[in-house]
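Hi everyone, thanks for making time this morning. I'd like to walk you through a few places in this structure, so please have it open as I talk.

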Amino acid sequence: MPTSSAAPSPARAVIEPGAIQYRDPDYLSLESELDRRAAAGSSPSELGAVIAKEYSRRNRAIKDPGIHRLDPSSVADDYLYPRKDLNRFAVENWIRRVFLAGLKPRVVGSTFVFGLGRLFSAYNDLGAQHATDVDLNIIADDSLSARAYAELAGGLADLRVELHQRFGIVLDLHPDYTLLRESEVLGALSADDERRRFQTALFYRTNERSIRIMRDHPAIRERVFGPLRRLPDAAMFEHFLGLGSGKPTFAKIRSDASPLPIGLDGSCDKAEVTSVIGSRAFSLYCRRRFPLGLFVSPPEWYFSMKYFVNRVYDYVCAMRVHGRSLAEIGFDAPRKVDGVDPDYRFLRNAHKLMLHLQELVRTRIGAYGVEVDYSWMSASRFKRLVDIDGDGFRRDFDAMVLDGGLLMPSEAERYRDLRGRVLAKSGDRVMEGRAIDLAALPKGLRYETIYRDADRFKIRIPYSWSDLAFFAFNAIGSRMARIVEGRLVKALPALGMPPADALRYRRVMDERARRR
C-alpha cells in the first residue's frame with residue numbers, strides 16, 4: 001500500500017465526470033425526442049416502451065460476433081462501438097427516465113447517482129461487449145428516512161430484473177458500493193481497518209474522472225471525492241493492477257498472491273484456481289514437467305482475459321484521461337510507420353480482441369440463457385467452444401492471434417506449425433525421461449506408453465486444440481508481463497509512487513520465482 005510520503009498528484013486540467021459522448025450522434029437525437037415526449041407529459045412507462053422498442057430495432061442491426069466472420073482490423077467499428085452506444089443508451093435512459101423518474105422527487109433529490117464500468121467510463125475508448133455488466137452507485141444523504149432508503153433498495157432490485165429481462169444486461173449490485181448513505185462512505189474512508197480504508201480510497205480516487213453522472217448532488221460529490229484528489233496518479237496502478245486492490249489484479253496473478261476466482265459454467269457456483277497462465281508458479285510447474293519444444297499443455301489451465309489484458313489497457317487509458325502522455329506512463333515516444341509504440345499497439349489490439357473473445361464466450365456458452373462468467377478462458381472451455389462451433393470458432397481464433405498482431409513473427413510461425421499438427425492428428429509428439437518423473441506428470445494427461453521399465457519411459461502425447469490456445473495465451477501473457485514489468489512499473493516513481501513501494505513491486509514480481 002502507498003505510504004504517507006506519496007507525492008500528491010500534480011495540478012492538471014479538470015476533466016468533468018460524465019463527459020463521455022456517443023460515437024453515433026443519432027443517439028443524441030433519440031434522447032432529444034425522449035426529452036420532448038417527457039415535456040409533453042409522457043409517463044415513465046411510456047418512455048420505457050419507446051426505449052425498449054428502439055433497443056430492439058437497433059439490436060438487430062448490430063453484427064453478431066457469433067455469426068459474422070471476425071475482421072480484427074474492424075472489430076471495434078463492426079461491433080464494440082455500436083454495442084456500447086446501444087447498451088449505454090438503453091441503460092442510462094432507463095435509469096434516468098424510468099427508474100429515477102418513478103421515485104418520489106424528495107428521494108431523488110437526496111441522492112448522488114452515477115454509473116461506472118465499460119459502458120459509462122470515460123476511460124473506455126474501444127467500445128464494449130454485450131456481456132459487460134452495469135455498475136450503478138447511489139450515495140444517499142443521511143437525512144433520507146429509513147423508509148425512503150428502503151424504497152431505493154427495492155427500486156434497485158426491480159431495476160436489475162427490468163434490465164435483464166428487457167435487454168439481457170446484468171446490473172451488478174455490490175453491497176459495499178451500490179447503495180450507501182454518505183456517512184457510510186465517509187466512514188469507510190476513515191475506517192480503522194487499513195485495508196478497507198485504502199481500498200475505498202482507491203475506488204473513489206480512481207473513478208472520479210470516469211463516472212457518468214445520472215443525478216448530481218454537488219455537495220455529496222465534493223465531500224466524497226474532494227479529499228482524495230491529493231492522492232498521486234500512481235494510485236491508479238494500485239487500483240487497476242496492484243496488490244492493494246480489493247479485486248483480482250495483474251500483480252496478484254503474476255506474483256501468486258491469491259488464487260483467481262471464477263464463475264463456473266452452468267451454475268451459480270464459484271471456484272478459485274491457481275493453474276493460471278501468467279502466474280510465475282504455474283509457469284515454473286509447466287517448465288519442470290514438459291520440454292518447451294513439444295508444446296504440451298496440462299489437462300487444465302486458465303487465462304484471465306479481464307485481469308491480465310483488459311485491466312492493463314484500462315489503466316493506460318485512465319492515466320491518459322488524467323493528462324499523462326504515453327511516454328510518462330512508460331511507453332516510447334511515437335516512432336516508425338504508424339507513429340505508435342509497438343507495445344502500445346499490441347496492448348490496444350489485445351484488449352479489443354479479448355473483448356470480442358469474451359462476447360463469443362457469452363454467445364456460445366451462454367446461448368441458452370445461462371449466466372456465464374465471460375472473463376476467463378480455460379482448456380476445457382476452449383475445447384467446448386471448438387466442439388460447439390467447429391471451424392467457425394477456430395477461424396475466428398486464428399484471425400485474432402495472427403491477423404490481430406498478437407504474436408511475434410516467430411511465434412506466429414510456431415503457432416501455424418502447431419495448428420497443422422493438430423489438424424493432421426500427428427503422432428510425432430514423443431516425450432521420454434526417467435521413470436520417476438512419469439509420476440510427476442499432471443493427473444488426467446492423455447498419453448500412449450511406448451516404452452517403460454524401472455529406469456526410463458517413452459510416451460506419445462496426442463495434440464489437441466487446447467495446446468494451440470495454451471501456446472497463444474502464453475505468448476500473449478508473456479508480452480503483457482514484459483509491458484507491465486518492463487515499462488509500467490518502472491514509470492511509477494515519476495507518477496508519485498514512493499520509491500520504496502515502487503521497489504517493492506519490482507521485487508515482488510521477481511523474488512518469489514527466485515525463492516522457488
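How do the axes of helix H1 and helix H2 cross? Before I answer, please keep in mind that this is a predicted model. The two axes, for H1 at residues 26-39 and H2 at residues 44-59, come within 10 Å and cross at roughly 160°. That makes H1 roughly antiparallel to H2, and the crossing of H1 past H2 is right-handed. If you'd like to look at the contact itself, the H1 side has Asp-26, Tyr-27, Leu-30, Leu-34, Arg-37 and Ala-38. These meet Leu-47, Val-50, Ile-51, Glu-54 and Arg-58 of H2.

Now let's move along to helix H8, residues 218-225. Which residues are buried there? They are Ile-220, Arg-221, Val-224 and Phe-225. Looking down the axis of H8, you'll find the buried residues within an arc of 110°, so they line one face of the helix. As a general reminder, an α-helix has 3.6 residues a turn, so residues three or four places apart point the same way. And what do the buried residues of H8 pack against? Their partners are strands S1 (111-116), S2 (134-140) and S5 (212-215), along with helices H6 (182-189) and H7 (194-207).

My last stop is an open sheet of 3 strands, paired antiparallel in the order S10-S12-S11. S10 (430-434) and S11 (448-452) are the edge strands, each with a single partner, so one side of each has no neighbour in the sheet. From one strand to the next, the twist averages 20°. S10 and S12 (residues 456-460) pair over 5 bridges, and Glu-432 stands opposite Lys-458 in S12.

Note on methods
Residues numbered from 1 in each chain as written. Predicted model: local features only at pLDDT ≥ 70, side-chain atom pairs only at ≥ 80, totals over all residues. Heavy atoms only, no water. Buried < 20%, exposed > 50% of the residue type's maximum accessible area, 1.4 Å probe, protein only. Helix = DSSP H or I, 4+ residues; strand = E, 2+ residues; numbered from the N terminus. Arc of directions from axis to C-beta. Contact = heavy atoms within 4.5 Å. Pairing = 2+ DSSP bridges. Axes fitted to C-alpha atoms, helices over the stretch in contact; angles between N-to-C directions. Parallel < 35°, antiparallel > 145°, perpendicular 65-115°, else oblique. Left-handed = near helix turned anticlockwise from the far one by under 90°.
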